[in-house]
Every structure is written in C-alpha cells, then in structure tokens.
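Here are my notes on this one, jotted down as I went through it. Have the viewer open and read along.

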Amino acid sequence: MILLLLLSLILIVVFVVTAIAFVVLYERHLLGGSQQRLGPNKSSLMGIMQALFDGIKLLKKEQESSWKSSEISFLLVPGIAFGVMYLEWCVLPYFFDFFTFEFAVLFFLCLVGFSVYTVLVSGVVSKSKYSMLGAIRASGQSVSYEIAFSLYLLILVMYFNMFCFYRYFYLGLFWIYLPFLMMILAELGRAPFDFAEGESELVSGYNVEFGSVAFVLLFLSEYGSLLLFSVLGSMVFFGGSLLFGYVIFSSLVFIRSAYPRFRYDFMMSLFWFKMLPVSLILFFYIVVLFL
C-alpha cells in the first residue's frame, strides 16, 4: 500500500509537469489563433518540441539573489509555492480515489488561502519595488475574492452534504458556474484580474527577480493551479469529464485574449459589493432550503 501511494505521488508530479508543458504550448497556439497569428511552429514536429526547448532555456538561465535579500528564503519560496500546488492536486479524486479524505474541501480551502503567502513573501524577499507592488496587489486581491470563493464552495458542500470532492453532475448547479468562473480567474491571477503579475507590462510583477529553477517552480505552480481549477470545475459541475475540463481551460485562455485588465478599484468593487452579497444570499438560501 505504501509503495502504491509513493508511486501515485510520483505519477502526479510527472503528470502535472508534463501536462503544464503542453498546455502552455496549447495556450500559445490559442492566443495566436485568436489574433490571426500562427503561434510557435518553427521547432520540429509542428511545434511540439517547443515546450522542451523553452524548459531547457529557462533552466539554463543564471539565478542571482537580490541585493540584501536572504538567499535561503529567496530560493525556498518558489519550492513552497510548487509544494502547495502539488498538495492541491492530491485532494481531487480524479485518478487516485484513495487520496480523498473526509474533509478534503476544508483542506483545499486552507491550501488556497496559504498560497497567497508565497506570492507575498516572494515579493518581499526580492527587495524590488516592482515585486513589492505585485505582492501588495496580490494581498488586496486575495482578501477580496477568497471570502466569496469559500462561500461558493460551502454552498456545494451543503448542497451535496459532504466535505470531500466527488464527481458531481447536476445541471441545477450550472446557474452558479459563471460567478464561480470569475472566482477562478481571480484565484489564478489571470486576465482581466492579473494585477499581481501585470504581465502586459514589461516588469513581470512579483517574480521579476527570479530566474532559472526558482522561476520554473513559480511558473509550474501558476500553470499547475490553472490546470487544477479547470479539472475542479469539470469535476464539480460536469461529472469530471475531460472534455469539459478542456472546454474550461480553453475558455480561460480566450478570456485572457478577449478582455482588457480591470481597473484595480473596479475589481475591488466587483468582489466586495457584487460577488460577496450574491454569495451570501445564495449561502443563506441553501441553509434555509436544507433546514
């Protein structure tokens, strides 16, 4: 049993890292197609080798810690970010049902809440103004969406009367999926809510001082979470179908190519004065309905 558990943990790492490499390539092709460009097609096998070449290029870059920063904490934070993302995968009963435990949803909410600290600390230890601005933006954004996001998950918990994830399929919940999709975009820091990273500027936000392996770990944690929430949305609302996971991921990419970034005060207003009241109304409705 222990050997099977260790093998499964290794398989999750291999699956996540390999999947991230190719979904990044897929995202680049989708973004190129949305703007009538070809995307990466110069490397061999119709661009398939591009993911491998990009990974080698990132790993070959030098890593120098910022002036007056702690080298241990500077390199430790990306590893913690990757570890949190990895633990989030372990609570989903998608391929390995024996990972599921009774209070997996609460454990998942703890991981989601803790993940923002990796962004905050990475901005602090970088000793850079741009990194600090990205960290401050991330903290405000996290406080704004996480309350409503937690309430939406608790609505699902109360509706199905279980604290663990399962492969649900019920069209009656589809009416709460669009607000849930906005919560996913905010959790991932994706456009139009990419305030923490600000990738359309040329400073890269909180990860501007990271390179080589440290940047690769931050990159893997970001895109691993993107893939995770695509699978989560498919599992909770569409019975865990891989087809719907593909559709959700493609939708997140197309939203990035179609919508400009919100103003920061508009984002704060949206979550505090619109999404939070709606989630509270839905929560109390479910409470009254099941009492």
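1. A definition before anything else: helices here are DSSP runs of H or I, at least four residues long, numbered from the N terminus. With that in hand, take residues 270–290: the span is 100% helix and 0% strand, and its end C-alpha atoms sit 29 Å apart.

2. Keep in mind that this is a predicted model. The mean pLDDT over the chain is 79, and 86% of the residues reach at least 70. By element, helix α8 (residues 242–258) has the highest confidence, at 86, while helix α2 (residues 50–60) has the lowest, at a mean of 79.

3. The overall layout is quick to describe. The chain has nine helices and zero strands, so reading from the N terminus you just get α-α-α-α-α-α-α-α-α. Of its 291 residues, 48% count as buried. Take the contacts between residues at least 6 apart in sequence: 79% of them join residues at least 24 apart.

4. On annotation, the unreviewed UniProt entry puts "transmembrane region" at residues 72–95, 101–122, 143–162, 168–189, 226–249 and 270–290. Besides the 270–290 stretch from my opening point, I looked at 143–162, which is 90% helix and 0% strand, with 26 Å between its end C-alpha atoms.

5. Helix α9 deserves a slower look. It covers residues 264–290, 27 residues in total, and spans 37 Å from first C-alpha to last, close to the 39 Å expected at 1.5 Å a residue. Where does α9 bend? At M275, by about 35°, and a proline, P277, follows within four residues.

6. Staying with α9, its buried residues are M267, L270, F271, M275, L276, S279, L282, F283, I286 and V287. M275, where the helix bends, is thus on the buried list too. An α-helix has 3.6 residues a turn, so residues three or four places apart point the same way; have that in mind when you scan the list. The cover over these buried residues includes α5 (129–160) and α6 (177–188).

7. Now the packing. The largest nonpolar core holds 69 residues, and the members touching the most others are F108, F149, F165, F180 and F229. Elements giving it two or more residues are α1 (2–34), α3 (71–90), α4 (104–125), α5, α6, α7 (212–238), α8 and α9. The largest share, 13 residues, is from α7.

8. Which residues does F229 touch, leaving out those up to four places away in sequence? F108, V112, F149, I184, E187 and L188. There is also a second, separate core of ten residues, with F74, V119, V125 and A214 among them.

9. I184, in helix α6, is worth clicking on. Its relative accessible area is 0%, which is why it counts as buried. Leaving out residues up to four places away in sequence, I184 touches F229 and L252. I184 and S230 are 46 residues apart in sequence, yet their C-alpha atoms are 8.7 Å apart in space.

10. Last one: is T118, in helix α4, buried or exposed? The cut-off for buried is under 20% relative accessible area, and T118 is at 9%, so it counts as buried. With residues up to four places away in sequence left out, T118 touches V77, I80 and A81.

Terms used
Residues numbered from 1 in each chain as written. Predicted model: local features only at pLDDT ≥ 70, side-chain atom pairs only at ≥ 80, totals over all residues. Heavy atoms only, no water. Expected span 1.5 Å × (residues − 1). Bend = angle between axes of the 7 residues up to and from the residue. Buried < 20%, exposed > 50% of the residue type's maximum accessible area, 1.4 Å probe, protein only. Contact = heavy atoms within 4.5 Å. pLDDT = per-residue confidence, 0-100. UniProt positions renumbered as here; feature names shortened; annotations may be inferred. Core = buried A, V, L, I, M, F, W, Y, C linked by side-chain atoms within 4.5 Å.
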